[in-house]
Amino acid sequence: MAVDESGHTMSFRSFLKLCIFIVILLTAFHLGFYYTIENNLITKTYDNFRFIQDHSGRIAEQMRYGFSTGNVNGSANTQRPNGEFIRTPSERWVSQTQGNVNVTANATTDKEVMRSRVLKECPATPPNLVGRLATYRQAFTFTEIEAKLSYLVPGVNYSPKECHSDQRVAIIIPYRNRELHLRTLLYNLHTMLERQQINYGIFVIEQAGNSTFNRGLLMNIGYKEAIKSFNYSCFVFHDVDLIPEDDRIYYGCGEKPRHLSAAVDKFKYRLKTVNGTFERYSMAIARYKMIKHNREKGNPVNRERQKLLKNTARRMKSDGLTSLKYKVMNINRGKLFTNVTVSINRSEYGV
Ligand code: UDP
Ligand code: MN
């Protein structure tokens, strides 16, 4: 110790100096850090405050002129089509006056209405998308799916709770006797659509009986039945056996109709037909997995199909939505989907 005293003292001194220097440096950082954070917080608080102020101003104005009717802030979602739809405390749409169905009627108060109007618009790009998806191949039972997705509500199955979206999407699935496919699709679709932050309802249009399956007719019926229950502004026609493989396939509407399944794995992700004026996703995004299945007996290839395609232009005026004849046997508004069972009389369509 004695030998190296001066050397030791020297190094000890420089060590001390270093320590002091570090302490000063840290304190400076610390202060700087606090300053930035505090500043940010203050700005944020100020922004929030302004936001609240804006909204309370608007709410006050609305209170002055009454809440009872119409469109508020130009936002379509607060519209009450036929006075039938309201927002519940959980910010979800529920039908109030559907006659024969099992929908809970929920009263609303002005307070709740106010709350729903304070929601910010959903961002143009939903923030929680993950891109390519690993599709869930195991088909849970309906009860299991309901338990997993307990936030879904009968009627309009989903509306985002964190923000306000103008998209009101009806997803129409023509269906008969494909329960396994349906369960697989529902689980995949609901989990994906929640991240897209749109209001949507799924309609499974089921053809009763054993006569030839008519997919086009069921799609038209789906459209008609869906708008009867809510003023949907966007329609997606969906096969039960196509599972989206990417959550960037947006199920909301843009300006033009869009062909969603640009690429189906069965066709090695290549679209066979050309879509005229349709908008189409890049094949890298719009991937679907097609659940393998055999051709049903009740769904033979239509031998008339070439002939029917040729005279489409002529038939368009009379065939389609205007000529729909069908009978609704049953409507069940479940949490996972609305099931509309219809009977179609083949002879009415000459097919
Ligand atoms: N479909 C159905 N039950 C049937 C036949 C068809 O639900 O017996 C519906 C289902 O939504 C299916 C779509 O119609 O995805 C198209 O029929 P399918 O899958 O038989 O035709 P593909 O396009 O596979 O040749
Ligand atoms: Mn198929």
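Colleague: In this predicted model, how do you know that the charged end of Lys148 sits over the ring of Phe140?

Modeller: The charged end of Lys148 is 4.3 Å from the centre of the Phe140 ring. The rule asks for a distance within 6 Å, together with a position within 35 degrees of the ring normal. The distance of 4.3 Å meets the first condition, and Lys148 is listed as sitting over the ring.

Colleague: Why is Phe140 called buried?

Modeller: Phe140 has a relative accessible area of 15%. Buried means under 20%, so Phe140 belongs to that class.

Colleague: How many aromatic pairs are there, and what makes Phe140 and Tyr187 one of them?

Modeller: The count comes to 8 aromatic pairs. The rings of Phe140 and Tyr187 are 4.9 Å apart, centre to centre. Because the limit is 6.5 Å, they pair.

Colleague: Why is the pair of Phe140 and Tyr187 called edge-to-face?

Modeller: The planes of the two rings stand at 85 degrees to each other. An angle over 60 degrees counts as edge-to-face, so the name applies. Phe140 lies in the loop between α2 and α3, while Tyr187 is in helix α4, so the pair ties together parts that are 47 residues apart in sequence. Tyr187 is also buried, with a relative accessible area of 11%.

Colleague: Why, then, is the pair of Phe142 and Phe337 called tilted?

Modeller: Their planes are 55 degrees apart, and their centres 5.8 Å. Stacked needs an angle under 30 degrees and edge-to-face one over 60, so 55 degrees leaves tilted. Phe142 belongs to helix α3 and Phe337 to the loop between β11 and β12, 195 residues apart.

Colleague: Are Phe142 and Phe337 buried or partly exposed?

Modeller: Phe142 has 24% relative accessibility, which lies between the limits of 20% and 50%, so Phe142 counts as partly exposed. Phe337 has 14%, which is under 20%, so Phe337 counts as buried.

Colleague: Which residues form one aromatic cluster?

Modeller: That cluster is formed by Phe203, Tyr223, Phe230, Tyr232 and Phe235.

Colleague: What makes Asp241 and His293 count as donors to the manganese ion (ligand 2)?

Modeller: OD of Asp241 and NE2 of His293 coordinate the ion at 1.9 to 2.3 Å. The cut-off for this metal is 2.8 Å, so both qualify. Asp241 is in the loop between β5 and β6, and His293 in the loop between β10 and α6, 52 residues apart.

Colleague: Why is Asp241 called buried, and why is His293 called partly exposed?

Modeller: Asp241 has a relative accessible area of 4%, under the limit of 20%, so Asp241 is buried. His293 has 36%, between 20% and 50%, so His293 is partly exposed.

Colleague: Why is Glu255 called exposed?

Modeller: Glu255 has a relative accessible area of 82%, and exposed means over 50%, so the term holds. Glu255 is in the loop between β6 and β7. From C-alpha to C-alpha, Glu255 is 9.1 Å from Glu279, with their positions 24 residues apart in sequence.

Colleague: Why is Lys325 called partly exposed?

Modeller: The relative accessible area of Lys325 is 41%, over the buried limit of 20% but not over 50%, so Lys325 is partly exposed. Lys325 is placed in the loop between α7 and β11. Lys325 and Ile221 are 104 residues apart in sequence, yet 8.8 Å apart in space, C-alpha to C-alpha.

How values were computed: Residues are numbered from 1 along each chain as its sequence is written. Chains are lettered from A and ligands numbered from 1 in the order in which they are written. This is a predicted model: local features need pLDDT of at least 70, side-chain atom pairs count only at pLDDT 80 or more; totals for chains, interfaces and linings use all residues. Side-chain values use heavy atoms; hydrogens and water are left out. Helices (H or I, at least four residues) and strands (E, at least two) are DSSP runs, numbered from the N terminus. Buried means under 20% relative accessible area, exposed over 50%, partly exposed in between (1.4 Å probe, protein chains only). Donors are N, O and S atoms within 2.8 Å of the metal (3.2 Å for Na, K and Ca); water is not among the atoms, so sites may look incomplete. Rings of Phe, Tyr and Trp (its six-membered ring) pair if their centres lie within 6.5 Å; planes under 30 degrees apart count as stacked, over 60 as edge-to-face and the rest as tilted.
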